[in-house]
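Here's a quick briefing to read with the model open. Let's walk through the packing, a few individual residues and the charged pairs.

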Amino acid sequence: MRVLVTGWPSFLNGEATAGDVLAMEAVRAALAGAGVGCDLAWSPVFRPGGLDLDRADPGAYTHLVFACGPLRGRQIEDLHRRFARCTRVAVGVSVIEPHDRAVTGFDAVLARDTPAEAPRHDLAALPATPSVPVAGVVLAPGQAEYGPRRRHSQVESELTEWLASRGCARLPLDTRLDPRDWRLFTTAAELESVLRRLDVVVTTRLHGLVLALKNGVPALAVDPVAGGAKVAAQARAWSWPAVLTVPASEPDGRLLDVRELDRWWDWCLSAEGAGRAPALPPDGSVIGELLDVLGVR
């Protein structure tokens, strides 16, 4: 027996959700535990280098298992035609219309929900997953006030490309407050409540750095202005070492050193980095100076 495990993440234009992937992994784990050989087919867009469904040889498998998602549509019907010689089983799926050809093409359907039966637990609940660092990502806009010294676009491109390769949960955050948009925070307290639950903040914004340190969260800061500007200055004010600046000269190739990003990322997630934030209590002496200027102290 040799089984090919498929799902919506197997199709070139299919949608790969966390639930679909976990369901496929649950099937693989169950088959491996039973001593059954199997392969998982992935879209080359989702898993480049994995087993491509379009290149999987139907003759190499005795069974095809389709896990999770709704049983509907041309792509599933095409599976039935291509793998007609295999025994085909659907598991943990939603059956919307029992007489749909996408449903009736299977030799067995073990549904999670169907009009005819009581619902069952979804397969995504079965696999255990490891914890990974949670990284808040706070990026600055173009900041036109810096004129030709701005390197925001290239810095953001390089930084996010590097960040995508980290084994972490990335959480995009915006310091902009707007009660009209549910995607944004309404108050600073809402933003800071999220920040203090993070493991690290990666930021090109001054307040991404400041509010992370204020809440005891290490920050990997990148100043996107050539030669350094307010982000680097604020890092100095806090005696915070995990900051990168870009060259003052015109860019020629990459602006950010990946080795430095890696080094500071590891440091921020270490006990030393976590224990260093906040580096210093904030200095509020400027408020006293303001009161003196106003003559109210």
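Which residues of H6 are buried? They are Leu206, Gly208, Leu209, Val210, Leu211, Ala212 and Leu213, where buried means under 20% relative accessible area, exposed over 50% and partly exposed in between (1.4 Å probe, protein chains only). Helices (H or I, at least four residues) and strands (E, at least two) are DSSP runs, numbered from the N terminus.

This is a predicted model, so to speak of local features takes pLDDT of at least 70 and side-chain atom pairs count only at pLDDT 80 or more, while totals for chains, interfaces and linings use all residues. Residues are numbered from 1 along each chain as its sequence is written, and side-chain values use heavy atoms, with hydrogens and water left out.

**H6 and the cores**

- H6 is mostly covered, with 7 of its 9 residues buried, and the cover over those buried residues includes E6, H5, E8, E9 and H7.
- Just after H6, Gly216 takes a positive phi of about 75°.
- The largest nonpolar core (buried Ala, Val, Leu, Ile, Met, Phe, Trp, Tyr and Cys residues joined through side-chain atoms within 4.5 Å) has 43 residues, and Val201, Leu220, Val222, Trp240, Leu261 and Trp265 have the most contacts inside it.
- Elements giving two or more residues to this core include strand E8 (200–203), strand E9 (219–223) and helix H8 (258–268), but the largest share, 6 residues, comes from H6.
- Apart from this core lies another, of 21 residues, among them Phe11, Phe66, Leu71 and Phe106.
- Leu261 is in contact (heavy atoms within 4.5 Å) with Leu159, Trp162, Leu220, Val222, Leu244 and Leu256, leaving aside neighbours within four places in sequence.

**Two buried polar residues**

- Thr204 sits in the loop between E8 and H6 and counts as buried because its relative accessible area is 5%.
- The Thr204 side chain reaches the backbone nitrogen of Ala140 at 2.7 Å.
- Not counting residues up to four places away in sequence, Thr204 touches residues including Val138, Val155, Val222 and Val231.
- Arg112, in strand E5 (residues 108–113), is buried because its relative accessibility is 18%.
- The Arg112 side chain makes polar contacts (N or O atoms within 3.5 Å; within protein, one able to donate a hydrogen and the other to accept it, and residues adjacent in sequence counting only if both atoms are side-chain atoms) with the side chains of Asp113 at 3.4 Å and Asp122 at 2.7 Å.

**Salt bridges**

- The whole structure has 17 salt bridges, each a side-chain nitrogen of Lys or Arg within 4 Å of a carboxyl oxygen of Asp or Glu.
- Arg72 and Asp100 pair up at 3.8 Å, N to O, linking distant parts of the chain 28 residues apart; Arg72 is partly exposed at 46%, whereas Asp100 is buried at 15%.
- Arg254 and Glu158 meet at 3.7 Å, N to O, with Arg254 in the loop between strand E10 (243–245) and H8 and Glu158 in helix H4.
- Arg254 is partly exposed at 45% relative accessible area, while Glu158 is buried at 5%.
- Asp262 bridges to Arg166, with the closest N and O atoms 3.5 Å apart, and the two lie 96 residues apart along the chain.
- Asp262 is partly exposed at 23%, and Arg166 is partly exposed at 22%.
- Arg74, Asp78 and Arg81 are joined into one network by salt bridges that share partners.
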